[in-house]
Amino acid sequence: KEINVAVTGGAGQIAYSLLPRLISGETFGTDTKVNLRLIEIPQVVDKLEGTIMELVDCGFKQTGSLLATANIKEGVEGAHWVLLVGSIPRGIVVDGKKIEERSDLLRINGGIFTGQGKAIGELAQEGAKILVVGNPTNTNALIGRTKSNNLSQSWFAMTALDANRAKAQLAEKAGVGIASVTNMTVWGNHSPTMYPDPYNAKIDGVSAVEAISDLDWIENQYIPLVQQRGKAVIDARGASSAASAANAVIDTVKSVDSPTEDGNWFSAAVPSDGSYGIPEGLIFGFPLRSSGQGSVEIVQGIELNDFAKSKIKLTTEELLSEKEAVKDLLD
Ligand code: NAX
């Protein structure tokens, strides 16, 4: 078997942890040859030659062709998976202005995802899967998907890192191994308004709230801890999460490509079909199940109490205001 995988932000820190794992056999299987197309902005594209040298030096048997390009069209042509990791970070100076506000970030990155979405819709495979990692993830995916104008393709925005963080904190508190924690949903936006759902998450098959039996910790410490974990890593490391973000990309690709185990689900943001009252089309974190054959469904019938509903309302409102801020990019 052979698969074409395109990755933007190929010279960034997440990509450095991600790329070897895409061609090691771990992500797409030991029987699949992986052709990697690394995409960067023109100022940085030369650096990718060094990355490619290292990928060759890893000596993985599954390594197919390796390409570095600053041309998004060349990069995504024929791609089965597109991992949109690249984006302009907060704090950078663009056209003489320091990008600090989320609204500026939305507009600048939104512009990038317009062109990338169009190229993917026209040139990536029919049925291609696209995972957006670059922030603001959900709204970038909304713009990209709208501009791709190709409903055969499936767009996802990454919340798996939030879900992994949410599981790890529950496991630590309960004093159990991480494998005991299942059914984690991160509802809504990949931002501090996300709602990691401890009521429907399970520890050894029992609701995490019941298993931990400390509602004050759950509602007042646990949820903010998960919501602010990205910032805590930046404060401690002096750089944003990279190894764990790369790991979450791999988790998402594997969750989408393989059948979900009975009784469990995984977390990613997908276009809402109106489930749970979320406005249609909004790219929203939901509990998902995959058939492993290309179809991914939103899990229905999950009970949401008033606490959950109030948190989901907040994150929905934030996503609607992000959508409003980029509405001219959605025409
Ligand atoms: P880096 O700044 O190390 O790398 C980003 C790379 O993207 C740079 O090399 C840059 O040149 C490239 N790039 C910018 N615009 C591009 C374009 N138009 N086409 C191709 N490449 C382009 O950031 P890194 O730490 O790798 O993070 C990448 C993105 O992931 C950031 O937006 C970051 O905020 C986001 N994250 C998202 C997470 C999630 O859970 N969804 C968690 C981790 C991370 O914070």
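A residue counts as near the ligand if one of its heavy atoms lies within 4 Å of it. In this predicted model, 25 residues surround the ligand, and those that come nearest are Gln13, Ile14, Glu40, Ser87 and Asn135. Two of these names turn up again among the polar contacts. Ser87 puts a polar side-chain atom 2.6 Å from an oxygen atom of the ligand. Gln13 gets there with its backbone instead: one of its backbone N or O atoms sits 2.9 Å from a ligand oxygen atom. For Gly9, too, the backbone does the job, with an N or O atom 3.2 Å from a nitrogen atom of the ligand. As for cover, the ligand taken alone exposes 880 Å², and the protein buries 84% of that.

Next comes the strand β1, which spans residues 2-8. Six of the seven residues in β1 are buried, so this strand is mostly covered, going by the under-20% cut-off on relative accessible area. On the β2 side (residues 33-39), β1 pairs in the parallel sense over seven bridges, and Ile3 stands opposite Val34 there. Strand β4 (residues 81-84) also pairs with β1 in the parallel sense, this time over four bridges; Thr8 has Leu84 as its bridge partner in β4. Helix α1 (residues 13-22) joins β1 and β2 in a right-handed β-α-β unit. Gln13, one of the residues that come nearest to the ligand, falls within the residue range of this helix.

A separate bit of sheet appears later in the chain. It is open, has three strands in the order β9-β12-β13, and pairs in the antiparallel sense. Its edges are β9 (181-182) and β13 (206-207), each of which pairs on one side only. Between β12 (residues 202-203) and β13 there are two bridges, with the strands running antiparallel, and Lys202 stands opposite Ser207 in β13.

Two helices lend themselves to a quick length check. Helix α4 covers residues 102-123, and at 1.5 Å a residue its 22 residues should span 32 Å; the end C-alpha atoms are 31 Å apart, so the two values agree. Buried positions in α4 include Asp104, Leu105, Leu106, Asn109 and Gly110, and further along Phe113, Thr114, Gln116 and Gly117. Ala119, Ile120 and Gly121 are buried in α4 as well.

Helix α5 (residues 137-148) passes the check too: its twelve residues should span 16 Å, and its end C-alpha atoms are 16 Å apart, which agrees. Because ten of those twelve residues are buried, α5 is largely enclosed by the rest of the structure. The buried set runs through Thr137, Asn138, Thr139, Asn140, Ala141, Leu142, Ile143 and Gly144, and also takes in Lys147 and Ser148.

Finally, there is Gln227, found in helix α8 (residues 215-227). Its relative accessibility is 18%, and because the buried class means under 20%, Gln227 counts as buried. The side chain of Gln227 has polar company from two backbone oxygens. That of Met194 lies 2.8 Å from a polar atom of the Gln227 side chain, while that of Pro192 lies 3.2 Å from a polar atom of that side chain.

Definitions and conventions:
Residues are numbered from 1 along each chain as its sequence is written. This is a predicted model: local features need pLDDT of at least 70, side-chain atom pairs count only at pLDDT 80 or more; totals for chains, interfaces and linings use all residues. Side-chain values use heavy atoms; hydrogens and water are left out. Buried means under 20% relative accessible area, exposed over 50%, partly exposed in between (1.4 Å probe, protein chains only). Two strands pair if DSSP finds at least two bridges between them. A crossover is right-handed if, with the strands pointing away from the viewer, the path from the first strand over the helix to the second runs clockwise. A polar contact is a pair of N or O atoms within 3.5 Å; within protein, one must be able to donate a hydrogen and the other to accept it, and residues adjacent in sequence count only if both atoms are side-chain atoms. Accessible areas come from the Shrake-Rupley method with a 1.4 Å probe; for residues, only the protein chains shown count as cover. The expected span of a helix is 1.5 Å times one less than its number of residues.
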